[in-house]
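Visitor: I should be grateful for a close look at a single part of this model. Please take me through one sheet and what lies against it.

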Amino acid sequence: MILELDVGNSAVKWRLLNSGEVVDRGVGRDLADCGVFAMGQLRALNVQRCRLVSVRSEVETFQLVRALQDAFGVVVAVARSSHTLDGVVNGYECFSRLGADRWLAVVAAFKRYKTACIVIDLGTAITIDWVNSVGRHEGGYIVPGLSLMVRSLEQGTQRIESIGQGLEWESGVGRSTASCVLNGSIAMIRSFVESQVLMARDCYGDNCVAVVSGGSGAILGGIAGLVFEPELVFDGLAIACP
């Protein structure tokens, strides 16, 4: 059994594998919230290894690793960005500065499709990475994610009320300040993604694959030509820490 963890800025996702097959998964704000430490059966299930990717600080990542080792007695392999991995070349001037989760998603996408691609992740920040047809990562873009966009308006203006958690997005114009903010922010994200897909296909040709990674891709529904791979980071983690 192998326990996998993707530790993001605002959420922790985990999967449990048995002979390469996913037998359980979960998500939460931290390790305790997502149920990992509540899984007392991990020892009984004979979990032998843990592989982890984290975008949090070195100190916090070290604390997570120690907590997992102490709780379950497992070896924890931590994935890092590298200059090359499985035929993909990192395009950052300082390769270690590329977020490890982005790097793993890029590697996994190219391994799967073996052609030029862009990898889109909608998290706390929205990242888009470009990879050419020979596996060279050529860089990318980072913009605020939906929650950051909304929060910036809540905090930067005096008369915009809190959006809250219950508001449902509907395409079209908003009919309250809250829905105007939400619909406008999502429209910006969708327009940004659509423009990136068009730019990439102008550059790389129509065979370029636009891959959406992560679990927040629902707001991109209806955009033509997107391929959804919600667990692409985990796929890359298995490549980096086989």
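Guide: Two strands are taken to pair if DSSP finds at least two bridges between them. The model is a predicted one. In it, five strands form an open sheet in the order β10-β9-β8-β11-β12, and their pairing is mixed. The edges are held by β10 (137-144) and β12 (226-229); each has a single partner strand, so one side of each is left without a neighbour in the sheet. On average, neighbouring strands of this sheet are turned by 20° against each other, direction ignored.

At the β12 edge, strand β11 (residues 209-213) and β12 run parallel and are joined by four bridges. Within this pair, A210 has L226 of β12 as its bridge partner. Helix α5 (residues 177-204) packs on the sheet, where it touches β8 (117-122), β9 (125-131), β10, β11 and β12. The direction of α5 makes about 5° with that of β9.

Another helix, α3 (residues 100-113), may be considered alongside the sheet. At 1.5 Å a residue, its 14 residues should span 20 Å, and the end C-alpha atoms are 20 Å apart, which agrees. Of the 14 residues of α3, 11 are buried, so the helix is largely enclosed by the rest of the structure. Buried here means under 20% relative accessible area. The buried residues of α3 include D101, R102, W103 and F110. Just after α3, K114 takes a positive phi of about 55°.

How values were computed
Residues numbered from 1 in each chain as written. Predicted model: local features only at pLDDT ≥ 70, side-chain atom pairs only at ≥ 80, totals over all residues. Heavy atoms only, no water. Helix = DSSP H or I, 4+ residues; strand = E, 2+ residues; numbered from the N terminus. Axes fitted to C-alpha atoms, helices over the stretch in contact; angles between N-to-C directions. Contact = heavy atoms within 4.5 Å. Expected span 1.5 Å × (residues − 1). Buried < 20%, exposed > 50% of the residue type's maximum accessible area, 1.4 Å probe, protein only.
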